[in-house]
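The following exercises are to be worked with the sequence and the model at hand. Each task is followed by a solution in steps.

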Amino acid sequence: MRNHKQLKDLEKIQDNNMKQQNILIIGAGLCGSLLALRLGQRGYNVTLMEKRPDMRKVTISAGRSINLAFSDRGIKAMKMAGILDKVMPLCIPMHGRMLHDLEGQTVLAPYSGRDEFINSISRGELNSLLLDEAEKHSNVKLYFNRECLSVDFENTTARFKDFENDALFDEDADVIFATDGAGSALRNSYYLSKKFLFSFSQNWLTHGYKELSILPTESGDYKTYKNALHIWGREAFMLIALPNLDGSFTVTLFLSWDEGEYNWNNLTTKEKVLEFFSKYFKDALDIMPNLIDDFFSNPTSALGTVKCSPWHYKGNTLLMGDAAHAIVPFYGQGMNASFEDVTVLDAVLDEGYSDWETIFKAYEANRKKDTDAIADLAIDNFFEMKGHVNHALFREKRTIEMALEKNFPKDYSSKYSLVTFNEDVGYQEAMLRGRAQDKAILNLLADQLISPKDDLKLLLDKIKVETENILEEDRIAKNV
Ligand SMILES: Cc1cc2nc3c(=O)[nH]c(=O)nc-3n(C[C@H](O)[C@H](O)[C@H](O)COP(=O)(O)OP(=O)(O)OC[C@H]3O[C@@H](n4cnc5c(N)ncnc54)[C@H](O)[C@@H]3O)c2cc1C
């Protein structure tokens, strides 16, 4: 029998052996750059390959969505990497949703009764910072303009095209991580090879999106309230706007491809676009003189949910970030979840396992249920944002939840808070509890068993009892 010290020494030797291995990361987006930084910090030899040019040297579009909602799960990952102090100056706090009605009246609906908030952050600035930090480690090498075409996951090699000379080459590694986003080359190789039982689903949303902008005033100020996520929810479609540091807002229109009076297929003329905005987003149109230019120059893109399993092939390859679980953007969690992937992997590495297959298995067993949950929650929020936020019952529910969070900060968290501000609660747990709470409050309100005017302690107790009943019913239903 080995004693404790001998076991620890053995772990160290195994750890060092693993660190001498060469790790290839495909895709230097948000997830891949953080992963390279973290594995670099842990001492591994890391090669990071990205298909686009280096965004720090040439002006390229940051890809999808210019800015993003960055919240506590992302913040936790930045703390893990020790760079939160560099990330925070890039953030603009958004304390709630600024709801715009048809007449242009606005109301600020806070995200939480505890003064918790989310942040607007530039994708390009954050990605560049992560690349800078990763590059500081001599054991991390970054290469750009190299597109992965396929991965031979049995032999742990990846085929690349080098855009600088059009040459094809194979990169050999001990382990390959694919963080190459929703169209992942590794995932395609898993799927096309038919060499193991790989499940894959891709569900497109009925709505696509286009990015527009509200430019700053001539003096560089914001044209509308800065510290909120603006929403023009119109049931069948919606417009949202997030602030940027330069005084502008990035505006996103979510609209059906082919249904309803106005859709992407029929908004083909300047007149029709102006008619649509005048009718539904008049106050936004008033501050968007550049609308028509933006509308006809910017692409319209599709949104979808990708689920697949397994994410790993033996101890050779692993999918992470959007490559493993792309989701629709309505909970503002895709990036946060991809960062959380790195936090979860890091915790598994702390366990001291001595082979990658065990690490990947433990990671996937821990993580998959949570990314499945946030995928489903994000679809729920699509309906909530475009419509439900305007309903009387929904607003009463939010009023009660705000008051409970304010007065009983330790005892109550809404579903939104559980998902967004409780980084130590897994997404699955947040979903189950959050949905049960929502159902409990809406049932009690509909049955007139509670009212926002009730004594708050009484409200809290009734909601807790009803929530537990629903959770118990869910548990029983699952066991049947
Ligand atoms: C409209 C919209 C709004 C969003 N808003 C939010 C938000 O508010 N909050 C939030 O948390 N999330 C948001 N998201 C989700 C977020 O953008 C993604 O979850 C996040 O970018 C995932 O990071 P990733 O690194 O896994 O993938 P990506 O960011 O897609 O990065 C993948 C990288 O791999 C590179 N690559 C791709 N293919 C290859 C290849 N074959 N070879 C080499 N390199 C390759 C790409 O160029 C890219 O650099 C939004 C998404 C969209 C579409």
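**Exercise 1.** Is arginine 38 buried or exposed? Establish also where arginine 38 lies and what its side chain contacts.

*Solution.* The model used throughout is a predicted one.

Step 1. Arginine 38 belongs to helix α2, which spans residues 30-41.

Step 2. The relative accessibility of arginine 38 is 17%. Buried means under 20%, so arginine 38, at 17%, counts as buried.

Step 3. Beyond residues up to four places away in sequence, arginine 38 touches Met80, Val342 and Asp346. Its side chain also forms a polar contact of 2.7 Å with the side chain of glutamine 41.

Step 4. From C-alpha to C-alpha, arginine 38 and isoleucine 26 are 15 Å apart, with a separation of twelve residues in sequence.

**Exercise 2.** Determine how the ligand is held by its surroundings.

*Solution.*

Step 1. Count the shell. The ligand is surrounded by 31 residues, and the closest are Glu50, Ala69, Arg123, Asp322 and Met335.

Step 2. Sort the shell by class. Eleven of its residues are nonpolar, eleven are polar and nine are charged.

Step 3. Assign the shell to secondary structure. At least two residues each come from α2 (30-41), β3 (67-70), β9 (146-152) and α11 (334-350). The largest share, four residues, is supplied by α11.

Step 4. List polar atom pairs between protein and ligand:

- An N or O atom in the side chain of arginine 123 is 2.5 Å from a ligand oxygen.
- A polar side-chain atom of asparagine 336 is 3.0 Å from an oxygen atom of the ligand.
- A polar backbone atom of lysine 51 is 3.2 Å from a ligand nitrogen.

Step 5. Consider the burial of the ligand. Its exposed area when taken alone is 990 Å², of which the protein buries 92%.

**Exercise 3.** Describe the surroundings of two buried polar or charged residues, threonine 317 and aspartate 54.

*Solution.*

Step 1. Locate both residues. Threonine 317 is in strand β21, residues 317-319, whereas aspartate 54 is in the loop between β2 (45-49) and β3.

Step 2. Read the accessibilities. Threonine 317 has 0% relative accessibility and therefore counts as buried. Aspartate 54 is likewise buried, at a relative accessible area of 7%.

Step 3. Find the polar partners. The side chain of threonine 317 makes a polar contact of 2.9 Å with that of tyrosine 190. For aspartate 54, a polar contact of 2.8 Å links its side chain to that of arginine 56.

Step 4. Add the contacts beyond four places in sequence. Those of threonine 317 include Val151, Phe153, Ile176, Leu186 and Trp311. Aspartate 54 is in contact with Leu131 and Phe144.

**Exercise 4.** Which residues have the most contacts inside the largest nonpolar core?

*Solution.*

Step 1. Recall the general tendency. In soluble globular proteins, nonpolar side chains tend to be buried together.

Step 2. Identify the core. The largest nonpolar core comprises 73 residues, and Met78, Phe177 and Phe339 have the most contacts inside it.

Step 3. Examine one of these residues. Setting aside neighbours within four places in sequence, methionine 78 is in contact with Leu34, Phe70, Ile83, Leu84, Val87, Leu130 and Phe339.

Step 4. Look for a further core. Apart from the largest core lies another, of 34 residues, including Ala375, Met385, Val419 and Ala430.

Note on methods: Residues are numbered from 1 along each chain as its sequence is written. This is a predicted model: local features need pLDDT of at least 70, side-chain atom pairs count only at pLDDT 80 or more; totals for chains, interfaces and linings use all residues. Side-chain values use heavy atoms; hydrogens and water are left out. A residue is near a molecule or strand if one of its heavy atoms lies within 4 Å of it. A polar contact is a pair of N or O atoms within 3.5 Å; within protein, one must be able to donate a hydrogen and the other to accept it, and residues adjacent in sequence count only if both atoms are side-chain atoms. Accessible areas come from the Shrake-Rupley method with a 1.4 Å probe; for residues, only the protein chains shown count as cover. Ala, Val, Leu, Ile, Met, Phe, Trp, Tyr, Cys and Pro count as nonpolar, Asp, Glu, Lys and Arg as charged, and the others, Gly among them, as polar. Buried means under 20% relative accessible area, exposed over 50%, partly exposed in between (1.4 Å probe, protein chains only). Contact means heavy atoms within 4.5 Å. A nonpolar core is a set of buried Ala, Val, Leu, Ile, Met, Phe, Trp, Tyr and Cys residues joined through side-chain atoms within 4.5 Å.
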